[in-house]
Amino acid sequence: MLHSFAGEPIRSIVLAVAGVLVGVIVSFIYMWPFALLTLATIPFMAFGAEMEMAMYYGEDEGDDHQMEEDSAGSIAIEAVGNIRTIAALTIEADKSAEYSRALESERSSAIFSSFKAGSAAGLGQFVQMWGYALMFWWGGWLLVNTSKFSFLGK
């Protein structure tokens, strides 16, 4: 039981930390200005990744949401579950109109939540790509303009 909680997670954490430490030490030995910039971008990259994951996993959605009685989903479930009764009473048009009204009432909140989710994903991607671009630019600048880190033999 203890192994299932402590074995694999601790092993993964130790390997990740060891990999980062070895990478940081080697990068500071061979090209310290680039390593410094890379360390400075890590918080921004983590922020971007966190925003993206919050959007993908639906941070604000929970399983404890009760479906309201007049929501579009509950109307559709009720209509499908009671299709014979609705057909026998010939109230298909009424149920369709009720469903359309429910969809219209939920439209504005759906548009706002979609805008919020898209903005979070876009900002997360922007921050990460900006960090990569900055690192590529800085590494190229160091290689071209400094003799200590150049392969050109200046």
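**Note on a four-helix predicted model**

1. Read from the N terminus, the elements of the chain follow the order α-α-α-α. In total there are four helices and zero strands. The model is predicted, and confidence should be kept in view when reading the points below.

2. On confidence, the chain has a mean pLDDT of 82, with 85% of its residues at 70 or more. Among the elements, α1 has the lowest mean, 84, while α4 has the highest, 88. Where pLDDT is low, the predicted coordinates should not be read in detail.

3. Next, the chain as a whole. It has 154 residues, and 20% of them count as buried. The accessible surface is about 11,800 Å², and carbon and sulfur atoms account for 69% of that surface. Of the contacts between residues at least 6 apart in sequence, 66% join residues at least 24 apart.

4. Which residues make the nonpolar surface patch? They are I13, V17, L21, V22, I25, V26, I29 and Y30, and the patch covers about 830 Å². One of these residues, Y30, is in helix α1, which spans residues 2–57. Y30 counts as exposed because its relative accessibility is 64%, and the cut-off for exposed is over 50%.

5. How many salt bridges does the structure hold? There are two. In one of them, K95 pairs with E78, and the closest N and O atoms are 3.4 Å apart. K95 belongs to helix α4 (residues 92–145) and E78 to helix α2 (residues 72–81), so this salt bridge ties together parts that are 17 residues apart in sequence.

6. The other salt bridge joins E98 to K95, with 3.5 Å between the closest N and O atoms. Here both residues are in helix α4, three residues apart, which is about one turn of the helix. Taken together, E78, K95 and E98 form a network of salt bridges.

7. Is K95 buried or exposed? K95 counts as buried, because its relative accessibility is 15% and the cut-off for buried is under 20%. Its two partners are partly exposed: E78 has a relative accessible area of 36%, and E98 has 28%. Leaving aside residues up to four places away in sequence, K95 touches I75, E78 and I86. E78 is thus named twice for K95, as a contact and as a salt-bridge partner.

8. The structure also holds three aromatic pairs. In one of them, W137 and W138 form a tilted pair, with 6.0 Å from centre to centre and 40 degrees between the planes. In another, the ring centres of W138 and W141 are 5.3 Å apart and the planes are at 5 degrees, so this pair is stacked. The cut-off that matters here is that planes under 30 degrees apart count as stacked. W138 and W141 both lie in helix α4, three residues apart, about one turn of the helix.

9. Where do these tryptophans stand in accessibility? W137 is exposed, with a relative accessible area of 52%. W138 is partly exposed at 22%, and W141 is also partly exposed, at 36%. Ring pairs link W137, W138 and W141 into a cluster.

Technical notes:
Residues numbered from 1 in each chain as written. Predicted model: local features only at pLDDT ≥ 70, side-chain atom pairs only at ≥ 80, totals over all residues. Heavy atoms only, no water. Patch = residues over 30% accessible without salt bridge, like charges linked within 9 Å, V, L, I, M, F, W, Y side chains within 5 Å. Areas by Shrake-Rupley, 256 points an atom, 1.4 Å probe, with all protein chains shown as cover. Salt bridge = Lys/Arg side-chain N within 4 Å of Asp/Glu carboxyl O. Helix = DSSP H or I, 4+ residues; strand = E, 2+ residues; numbered from the N terminus. Buried < 20%, exposed > 50% of the residue type's maximum accessible area, 1.4 Å probe, protein only. Contact = heavy atoms within 4.5 Å. pLDDT = per-residue confidence, 0-100. Phe/Tyr/Trp six-rings, centres within 6.5 Å; stacked < 30°, edge-to-face > 60°.
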